[in-house]
Amino acid sequence: MQSQNTRVVRRRKRRVSPLALTLMTALALIALAGIILLASGYRYITKDGVKFSGHVKNGQPTDGTVHYSDGISGKLTKDENSALGKIVYSTGDVFEGSLNGVAREGKGVITYKNGDKYEGDFAADKLTGEAVFTSTSGAVYTGAVSDGKPNGKGKYVFADGSYYYGDWADGKRNGVGEEHYPDGSYYYGAFVDDKRTGSSEITVTLENGMVYTGKNKFSFSNGDSYVGDYLNGKRNGNGKYTWASGQSYDGAWVSDVMEGEGTYDFGNGKAPYTGTFAGGQIAETGDTQTASPETSDTGAAGTSDAA
């Protein structure tokens, strides 16, 4: 009988390294934590550059943190049964009002860290619609806004009591409107980038519903008046200035000064002077009997725009 050698092959058991075991355990715990968070309503949402992490119910964030693309963040809390919510921003500003997701939509109020307040409409998270903006300086704007700036028809009351009512564009007085000052002076006319500017005939619908049609008009508290062209807040071009005394000048202006051709009526029965003016005075005529014209009002209300 032949003997046979029997070879027994033993397979070595593969051992799992401690590192791999640790990694697998960690992954399992992370997955479990994710399942728990999802089950509890916790979500991480990114939309249009805005990130939200927190609790969601019925598709609406109810509690969590909002991160904006400009680096600002906010703590959001929301009534899960309505659209009302609150966001406390990292800047110290606070929003309270209607929310659609994390976006401000509808009516709301922003109270700024410095005490200023915006109350009004929001659209797609922007301050757009009709609103009242109150400044701690005492100034108040009431009217149309777009992306946080006056745009459309609105009224701005300055801290000193003066006010402007009329057209706005990109946060500045642009179009036509009326200005009123505490001393009783007023202006009806055109504006470009916050400056009285215009040479065309205009129509201004006043706050009281009345309509003014004509050239730009400034009425001074002392009884003087000016009707005519403006450029960058000053009388420039052609216009007529009438003094309370009855004298008047109708002609060319440069930076609030009578400069160029014009007619001066002395208001005393004497024949008007028609000719050249320089530096606010009648140019040399050789007529020693010609009287000097009055000085036009160049006070703050007459030459500068409300600040």
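Let's start with the pocket. The largest one holds about 490 Å³ of space. Twenty residues line this pocket, and Lys47, Asp48, Val50, Val102 and Ala103 are the closest to its centre. Keep in mind that this is a predicted model.

Where does the lining come from? Three strands, β1 (42–47), β2 (50–57) and β7 (103–111), each supply at least two residues. β1 gives the largest share, with three residues. As for chemistry, the lining of the largest pocket splits into nine nonpolar, six charged and five polar residues.

Now the whole chain. We have 307 residues, and 36% of them are buried. Secondary structure: 24 strands and two helices. Take the contacts with a separation of 6 or more. Residues 24 or more positions apart account for 19% of those. On the surface side, the chain exposes about 17,800 Å², and 53% of that comes from carbon and sulfur atoms.

Next, the inside. In soluble globular proteins, nonpolar side chains tend to be buried together. Here, the largest nonpolar core has 38 residues. Which of them touch the most other members? Val66, Leu76, Ile87, Phe95, Tyr118, Tyr249 and Phe277.

Look at Leu76 on the screen. Setting aside neighbours within four places in sequence, Leu76 contacts Phe52, Pro61, Thr62, Asp63, Gly64, Val66, Lys86, Ile87, Leu99, Gly101 and Val102. Two of those names, Val66 and Ile87, are also on the list of core members with the most partners. And Val102 takes us back to the pocket, as one of the residues closest to its centre.

There is also a second, separate core. It has seven residues, among them Val176, Val204, Leu206 and Tyr212.

Conventions:
Residues numbered from 1 in each chain as written. Predicted model: local features only at pLDDT ≥ 70, side-chain atom pairs only at ≥ 80, totals over all residues. Heavy atoms only, no water. Core = buried A, V, L, I, M, F, W, Y, C linked by side-chain atoms within 4.5 Å. Buried < 20%, exposed > 50% of the residue type's maximum accessible area, 1.4 Å probe, protein only. Contact = heavy atoms within 4.5 Å. Helix = DSSP H or I, 4+ residues; strand = E, 2+ residues; numbered from the N terminus. Areas by Shrake-Rupley, 256 points an atom, 1.4 Å probe, with all protein chains shown as cover. 1 Å grid on protein atoms, 1.4 Å probe; cavity = no way out; pocket = protein on both sides within 12 Å on 5 of 7 lines; lining within 4 Å. Points joined across faces, edges and corners; volume = space filled by probe spheres on them. Nonpolar A, V, L, I, M, F, W, Y, C, P; charged D, E, K, R; others polar.
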